[in-house]
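Here are my notes on the model, point by point. Please read them with the coordinates open.

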Amino acid sequence: MVVGSILDPEWAYRVGHKPFEIMGNDVFLVVSPFHVHAHIADAEVITQITTRRNDFPKPLELYASLDIYGKNLVSSEGPEWRKHRKLTGPSFGERNNELVFVEAVHHAQSLLTLWTGLDGSGNKTVTDPSKDTMRFALYVISRAGFDIRVLWPHEEHAHSQDEVDTEDSLFVGSQVPPGHKMNYREALSELLHNIIWTQIAPAKYLMKSPFKAHQTAGIAVLEWGKYMEEIYDRKKNQVASGQSSSGMDLFGALIRGSGILDNKKQSDFQKSDLMGNAFVIMLAGHETTANALHFSLVFLAMDWHSQKALQDDIDRRMQSRPIADWTYEEDFMKLFNGMPAAVMNETLRLLQPIVNIPKRTEPGRPQPFTMNGQQYTLPGGISIHLSSAVHRNPKYWPAPSPDSETTSTSTAHPDVDRFRPERWLIDAAPTTPFVDLQYDDEDLRGPSGEDTSAHLFKPVKGSYIPFSDGYRSCIGRRFAQVEILAVLAVIFSQYSVELAVDEFASDAEVERMPRGGPERKAVWQKAVDRADRLLRQEMGSVITLQLRGATIPIRLVRRGEERFVFE
Ligand code: HEM
């Protein structure tokens with residue numbers, strides 16, 4: 001069973017820590033005549049790998065598909081990576097988080113309107129919430145990062161063309177603008193869906209292929225490139241004329257930082273470097289966050305007690321102040337120290353968007369490491385997988401107190417494999433003081449501060465790596481945390497999320513079943529079992545881990561109007 005499982009590249013998501021238990025070790029090698037793979041679920045070893053950047057570089061061949069528009073921060077190593085990190089790093093400082101918070105709150109309300117209707121009554125089935133969370137996260141990064149305002153279809157009528165034309169920012173909506181074949185959102189979403197094809201041929205040849213998927217990929221590559229060109233030209237003119245924009249203004253910062261407009265100096269950068277970075281930040285900046293939001297909603301819909309605890313915690317922390325008064329400065333830390341962060345952390349623990357963080361050793365350069373006081377060596381020229389199974393390694397993840405209730409899926413799964421955000425609340429007092437990594441160059445670092453709140457359970461260093469760790473950790477970690485916590489707070493301060501049960505019973509049938517009674521519970525349980533099966537079996541990664549070929553429909557209902565509450 002284990003041998004069969006580990007041939008699946010995403011086995012760590014499907015079977016968790018089991019193979020390590022059977023092997024009796026949290027590091028094991030899979031050796032074939034062609035290659036050696038090391039799988040690692042030990043926190044101490046993971047920390048050594050993430051902090052020794054030169055000994056354990058990234059396998060760049062895996063990132064080639066991200067180079068469509070140019071080399072970038074994600075797909076480079078060594079001195080080239082330093083160059084890209086220095087260019088992009090300054091845009092991710094603390095001062096930009098306010099903007100991310102504001103945009104996330106704004107778009108969260110638009111998302112709610114889409115899901116609950118203009119009158120906010122809700123209780124309508126959202127068949128594929130992942131599509132909308134993807135749209136939400138794309139709109140936040142577009143505005144916060146690139147000054148592009150994307151209008152939701154239900155909001156387009158509220159913006160006259162005159163208003164749109166006089167704004168400094170670029171407005172894009174569902175219309176296909178002149179000179180384009182796809183709207184902005186379609187171009188990126190088609191590109192991401194079909195990115196694999198970009199590896200077999202350049203866009204202009206893909207467009208001539210008899211296969212629809214190839215043609216779509218080709219068009220999407222060119223379309224997205226055109227949008228980027230337009231944004232670049234617009235920004236270039238703004239920078240050249242000394243205009244400044246608020247917030248991250250990533251493109252502006254890239255143009256200024258690269259010195260590309262400075263005719264007197266030889267720049268280290270080319271336009272393709274700016275395009276390449278803009279593309280990967282847009283991509284990395286929305287798919288991961290969208291998944292985390294989507295899965296948080298589904299997990300909470302399956303677990304009424306955790307959802308209620310979340311709502312109570314948000315009410316207590318935000319004290320029913322109107323959403324319009326929420327600010328990053330006053331409110332982010334409240335959310336980061338409480339149940340909203342516990343929900344976010346637990347979702348990322350169970351469904352880490354990048355299942356195996358890939359590293360390697362250089363050929364001919366074996367690398368020593370220590371584990372439990374013993375010295376070992378990883379051979380040179382091998383692939384290394386920092387396995388998300390470390391997130392389900394029982395030695396790092398104590399169960400929450402037995403009296404923290406759960407209505408979630410059956411207790412058939414071991415605790416460590418279940419969604420229990422309460423496990424993050426078990427040690428509410430700050431434990432050891434936070435010790436930040438020493439970076440040899442401050443410009444190379446991403447966001448400062450802790451991965452998780454000091455007021456919540458503090459995982460052993462290296463045992464919780466949804467954002468990776470060390471030098472090559474996620475530069476957008478704080479961006480993502482601000483965004484996810486803001487949207488969770490907006491949604492759950494007003495609404496509850498439930499699984500839609502349309503497949504099992506009509507609305508009229510549900511209404512006839514007594515509230516809280518066994519008949520209703522049986523229907524709800526069917527929806528939970530289906531969702532549980534899909535989340536455990538039907539996911540796959542193209543770039544990040546997502547549901548593939550199936551959806552888990554949900555409904556948002558006003559708080560107090562829930563249909564499926566069982567004590
Ligand atoms: C829940 C949300 C997110 C998760 C779980 C996540 C996870 C990760 C992980 C695991 C890596 C390391 C990848 C590797 O080693 O191959 C990474 C890198 C990166 N992430 Fe994120 N990310 C998230 C959100 C974001 C956001 C919002 C942005 C930008 C706005 C972003 C931009 C990047 C970039 C540019 C890198 C490459 C950094 C480097 O190599 O120096 N990510 N992310």
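1. Burial and overall make-up. Of the 567 residues in the chain, 45% are buried. The model is a predicted one. The chain holds 20 helices and 13 strands. Contacts reach far along the sequence: taking pairs at least 6 apart, 71% join residues at least 24 apart.

2. The nonpolar core. The largest nonpolar core has 150 residues. Within this core, the residues with the most contacts are A278, V298, L485, A486, V487 and L499. Helix α18 gives the largest share of the core, twelve residues. A278 deserves a look of its own. Leaving out residues up to four places away in sequence, A278 touches M228, L250, F251 and L254.

3. The ligand shell. Which residues are closest to the ligand? They are G285, T288, C474, G476 and A480, out of 25 that surround the ligand. Three elements give two or more residues to this shell: α13 (271–284), α14 and α18 (477–492). By class, the shell has 17 nonpolar, five polar and three charged residues. Helix α18 thus appears here as well as in the core.

4. Helices α14 and α17. The axes of α14 (residues 287–301) and α17 (residues 339–350) come within 9 Å. They cross at roughly 105°. An angle of 65 to 115 degrees counts as roughly perpendicular, so α14 and α17 are roughly perpendicular to each other. On the α14 side, the contact uses A292, F295, S296, F299 and L300. On the α17 side, it uses V343, M344, T347 and L348. Seven of the contact residues are nonpolar, two are polar and none is charged.

5. Helices α15 and α17. Helix α17 also meets α15. Here the axes come within 8 Å and cross at roughly 140°. The two helices are therefore oblique to each other. A309, L310, D313 and I314 of α15 meet M339, P340 and V343 of α17. The contact residues comprise six nonpolar, no polar and one charged. V343 takes part in this contact and also in the contact with α14.

6. P340. This proline lies in helix α17. Is P340 buried or exposed? P340 counts as buried because it has 26 C-beta neighbours inside 10 Å, and the cut-off for burial is 20 or more. Not counting residues up to four places away in sequence, P340 touches L310, I314, L335, L485, L488 and A489. One of these, L485, is among the residues with the most contacts inside the largest core. M539 is 199 residues from P340 in sequence, and the two are 24 Å apart in space, C-alpha to C-alpha.

7. Two positive phi values outside glycine. S320 has phi near 55°. S320 sits in the loop between α15 (304–318) and α16 (328–336). With 8 other C-beta atoms within 10 Å, S320 is exposed. N372 has phi near 50°, again positive in a residue other than glycine. N372 sits in the loop between β7 (367–371) and β8 (374–378). N372 counts as exposed, with 9 C-beta neighbours inside 10 Å. Please check the backbone at both positions.

8. E562. This glutamate lies in the segment after β13 (554–558). E562 has 18 C-beta neighbours inside 10 Å, so it counts as partly exposed. Leaving aside its neighbours within four places in sequence, E562 is in contact with S496, E498 and V557. L485 is 77 residues from E562 in sequence, and their C-alpha atoms are 23 Å apart.

9. V30. This valine lies in strand β1 (residues 27–31). How many C-beta neighbours does V30 have inside 10 Å? There are 16, so V30 counts as partly exposed. V30 and V105 are 75 residues apart along the chain, and their C-alpha atoms are separated by 46 Å.

Definitions and conventions
Residues are numbered from 1 along each chain as its sequence is written. This is a predicted model: local features need pLDDT of at least 70, side-chain atom pairs count only at pLDDT 80 or more; totals for chains, interfaces and linings use all residues. Axes are lines fitted to C-alpha atoms, for helices over the stretch in contact, and angles run from 0 to 180 degrees between N-to-C directions. Helices (H or I, at least four residues) and strands (E, at least two) are DSSP runs, numbered from the N terminus. Angles under 35 degrees count as roughly parallel, over 145 as roughly antiparallel, 65 to 115 as roughly perpendicular and the rest as oblique. Two residues are in contact if their C-beta atoms, placed from the backbone, lie within 7 Å. Ala, Val, Leu, Ile, Met, Phe, Trp, Tyr, Cys and Pro count as nonpolar, Asp, Glu, Lys and Arg as charged, and the others, Gly among them, as polar. A residue is near a molecule or strand if its C-beta atom, placed from the backbone, lies within 6 Å of it. A nonpolar core is a set of buried Ala, Val, Leu, Ile, Met, Phe, Trp, Tyr and Cys residues joined through C-beta atoms within 7 Å. A residue is buried if 20 or more other C-beta atoms lie within 10 Å of its own, exposed if 12 or fewer, and partly exposed in between; C-beta atoms are placed from the backbone.
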